[in-house]
Amino acid sequence: MSTEEKVKGPASYFPSIEKKYGRPIAEWQQLITDSPLTRHMELVGWLKSEYGLGHGHANALVGYNLAARGK
């Protein structure tokens, strides 16, 4: 049994996102930050249509990014 604290919330998706899509989380976060879109579901839809992310993965990335920016 691991003594590490279990990651919860959107960040719990990060290892599978990196593995499935081959980009580091920092790169996804930069794409979201640089996007002219600002609304949560607009960004989720954009990641799904432009990069082929699944809804859960896109939602986790956007939720984490917006929370980190205080939005």
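Two rings of Phe, Tyr or Trp count as a pair if their centres lie within 6.5 Å, and planes over 60 degrees apart make the pair edge-to-face. Keep that handy for this predicted model.

**Exercise 1.** Work out which residues form one aromatic cluster, and how two of the pairs are arranged.

*Solution.*
- Start with the count: searching the whole structure turns up four aromatic pairs.
- Take Tyr21 and Trp28: their centres are 6.2 Å apart with 85 degrees between the planes, so this pair is edge-to-face.
- Next, Trp46 and Tyr51 are also edge-to-face, at 5.5 Å centre to centre and 85 degrees between the planes.
- Put together, Tyr21, Trp28, Trp46 and Tyr51 make up one aromatic cluster.
- Now check burial: Tyr21 and Trp28 are both buried. Tyr51 has 29% relative accessibility, so it counts as partly exposed.

**Exercise 2.** Find what surrounds Trp28.

*Solution.*
- Leaving out residues up to four places away in sequence, Trp28 touches Ile17, Tyr21, Arg23, Leu47, Tyr51, Leu53 and Leu61.
- Look at Arg23: its charged end sits over the Trp28 ring, 5.1 Å from the centre.
- Then zoom out to the largest nonpolar core, which has 16 residues; Trp28 is among those touching the most other members, along with Ile17, Leu47, Leu53, Leu61 and Val62.
- Helices H1, H2, H3 and H4 each give two or more residues to this core.

**Exercise 3.** Decide whether Asn65 is buried or exposed, and list its contacts.

*Solution.*
- Locate Asn65 in helix H4.
- Its relative accessible area is 3%, and the cut-off is under 20%, so Asn65 is buried.
- Setting aside residues up to four places away in sequence, Asn65 touches Gln29, Ile32 and Thr33.

Key:
Residues are numbered from 1 along each chain as its sequence is written. This is a predicted model: local features need pLDDT of at least 70, side-chain atom pairs count only at pLDDT 80 or more; totals for chains, interfaces and linings use all residues. Side-chain values use heavy atoms; hydrogens and water are left out. A nonpolar core is a set of buried Ala, Val, Leu, Ile, Met, Phe, Trp, Tyr and Cys residues joined through side-chain atoms within 4.5 Å. Buried means under 20% relative accessible area, exposed over 50%, partly exposed in between (1.4 Å probe, protein chains only). Helices (H or I, at least four residues) and strands (E, at least two) are DSSP runs, numbered from the N terminus. Contact means heavy atoms within 4.5 Å. Rings of Phe, Tyr and Trp (its six-membered ring) pair if their centres lie within 6.5 Å; planes under 30 degrees apart count as stacked, over 60 as edge-to-face and the rest as tilted. A charge sits over a ring if NZ of Lys or CZ of Arg is within 6 Å of the ring centre and within 35 degrees of the ring normal.
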